[in-house]
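Ready for a few exercises on a protein model? Have a look at the sequence and the structure first, then work through the tasks.

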Amino acid sequence: MADASIPVPGNVGEAVDITPPGEFKGTWLEYAHSWIVTVDHKRIGILYIGLGLFFLVVAGIEALLIRIQLIRPLSNFVSPDSYNRLFTLHGTTMVFLVGMPILFGFGNYLIPLMIGARDMAFPRLNAFSFWVSAFAGFLLYYSLVGGEGLAGAGSAPDVGWFAYAPLTELAFSPGHSTDYWTLAVLLNGIGSIGTAVNIITTTFCMRCKGMTLMRMPLLPWLYITMSTLVLLAISPLTAAQIMLLVDRYLGGHFFDTQAGGSALLWFHFFWIFGHPEVYVLVLPAFAFANEIVPTFSRKAIFGYAAMVVASVGIAFISLSVWAHHMFTVGMTSVSNTFFVLSTMMVSIPTGIKVFNWLATMWGGRIRFTLPMLFTTAFLFQWVVAGLTGIILAVAPFDWQVHFSYFLISHFHYVLVGAIVFMIFAAFYYWYPKATGRMLNERLGRLHFWLMLIGFHLTFDFMFIVGLLGMPRQIYTYMPDRPWTTLNQIISVGAFLQGLAILIFVYNLFYSYSHGKKAGPDPWDAWTLEWATSSPPAPYNFETEPVVASRRPLWDLKHPEDPDSAYE
């Protein structure tokens, strides 16, 4: 690959330019301005990821403050009101301001490169969506000074990231802190819908020649599915936010139980969004695994068509499971039975994915690089998350543990054990493409082991403390409860995870200037993004690629045995 260009399989006589892009010439102010006004999908992707990383650090600090408060009984490290604000901001930040921006950022950066396009379908909509999402995040945290609370003091939202009615009505939530939460989530939804429309349009309309839907890499397929869920799930949440604002300021009574409204109406609206949102976040994690596992097993993905069908099946079933979050509210036995069965059904397409990843690894020449280490941990942790989800789908058992730390541990096995671990895997895998540098291996392995040990110290013991009856959302507990030692272990694990994330962030900056040069294809991978320079030129491809199989770079590197002969 010493030539300045790489011919694309099936595109005889033409080439993809991989000349490294020129460095920016101008002042620092002009450079900053170029990022602010950019419509380049790669830069917008990096902006999304940077925004998510910033809020990951913020949410991590909030989590550590929560764990300091719970490290011993009858602690007064933070007040009860401050504790409520902390877990409200932590949950809202992790779901809306960490997971969504980082995953949308990777989609923005990678999808046009993987399908052979020059940019997203709507570049200006792409930029608009990012800046709306960024404004939403900072608006939420402006509530710390602008959300007038009791005695005129600033007040962050304190109603939980789920904001259950009627606690959000003016009678129970005076001041404007809840309004900041409502408007921030509303604006974040607008930005998410814009990005979802862009991803769907780009993948359906801008694929290069020869790339049929069944020749696309699995990552764009899963982002199509994820974006469809965004369009379907954000709308009920947006409607609920508008109804809440009408309740608070225009005399509506949608959720005001004293005036004939229904608190359960909010439950339904929120969780019709809330559970598909879990798959909005986890489907991109699956997408990363679909690219990393084959590359480092040195085998094509097992059961490509089954993986596509399973992804669509997960999205379809996930729209019918929301009320398993509501087994404790007193639904009818018929409703409970339906949601028990629908929740268990989602394990079928999910199980197909797990077995296909294992089948891809089986018999392969596995290289345990940093991306593969995080992916292997993800596979184990996702199975545990799924199995505990099936346990919680049993309504009588859920009734016993729903308000305990058992459920919190399950939720974090999904969000951290699966999604955050795969985000780290994606960073180690695609960082060389975005920067031209490899992340430091020694720092990366230290990050992995600290994160793995800290994760299991925190969330494995959280299952136990939950089964011992510790309620969630309490700010302290009595010394006679058998929870003190377990909470101390959990808090130690949380600090190990915090240290791991600091090492990771340091590695990002250190390797940008000191990392080993990567070259265009450091992993010997097979999809189109590795046919460009690292980092890619602003125009991605000088000429439009033409592909003849799902692994175009395999065909290029092995013309004697092309995939196109077997598809």
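Below are four exercises, each with a worked solution.

This is a predicted model, in which local features need pLDDT of at least 70, side-chain atom pairs count only at pLDDT 80 or more, and totals for chains, interfaces and linings use all residues. Residues are numbered from 1 along each chain as its sequence is written, and side-chain values use heavy atoms, with hydrogens and water left out.

**Exercise 1.** Work out how helix α2 and helix α4 are arranged relative to each other.

*Solution.*
- Start by finding the helices: they are DSSP runs of H or I with at least four residues, numbered from the N terminus. Helix α2 covers residues 41–69 and helix α4 covers residues 123–146.
- Next, take the axes, which are lines fitted to C-alpha atoms over the stretch in contact, with angles from 0 to 180 degrees between N-to-C directions. The two axes come within 10 Å and cross at roughly 15 degrees.
- Now name the arrangement: angles under 35 degrees count as roughly parallel, over 145 as roughly antiparallel, 65 to 115 as roughly perpendicular and the rest as oblique. So α2 and α4 are roughly parallel to each other.
- Then look for contacts (heavy atoms within 4.5 Å). On the α2 side they include L47, L51 and F54, and on the α4 side they include A127, F130 and F138.
- Finally, sort the contact residues by class: 13 are nonpolar, 5 polar and 1 charged. Here Ala, Val, Leu, Ile, Met, Phe, Trp, Tyr, Cys and Pro count as nonpolar, Asp, Glu, Lys and Arg as charged, and the others, Gly among them, as polar.

**Exercise 2.** Do the job again for helix α3 and helix α7.

*Solution.*
- Helix α3 spans residues 80–115, and helix α7 spans residues 263–297. Their axes come within 11 Å and cross at roughly 40 degrees.
- That angle makes α3 oblique to α7.
- Among the residues that meet are L103, F106 and M114 from α3, and L281, P284 and F288 from α7.
- The tally for this contact is 11 nonpolar, 1 polar and 2 charged residues.

**Exercise 3.** Find out what the largest nonpolar core contains, and what F288 touches.

*Solution.*
- A nonpolar core is a set of buried Ala, Val, Leu, Ile, Met, Phe, Trp, Tyr and Cys residues joined through side-chain atoms within 4.5 Å. Buried means under 20% relative accessible area, exposed over 50%, and partly exposed in between, using a 1.4 Å probe and protein chains only.
- The largest such core has 175 residues, and F106, Y223, W266, F288 and W357 have the most contacts inside it.
- Helix α13 (residues 405–435) supplies the largest share of this core, with 21 residues.
- Leaving out residues up to four places away in sequence, F288 touches L103, F106, L219, Y223, M422, A426 and W430.

**Exercise 4.** Track down backbone oddities in the loop between α15 and α16.

*Solution.*
- Remember the background: most residues other than glycine have a negative phi, and most peptide bonds are trans.
- P535 is in this loop, and a cis peptide bond joins S534 to P535, with omega about -5 degrees.
- D524 is in the loop too, with a positive phi of about 55 degrees although it is not a glycine.
- N540 is another loop residue; it isn't a glycine either, yet its phi is positive, about 65 degrees.
- To finish, check exposure: D524 is partly exposed at 35% relative accessibility, while N540 is buried at 0%.

Key:
Helices (H or I, at least four residues) and strands (E, at least two) are DSSP runs, numbered from the N terminus.
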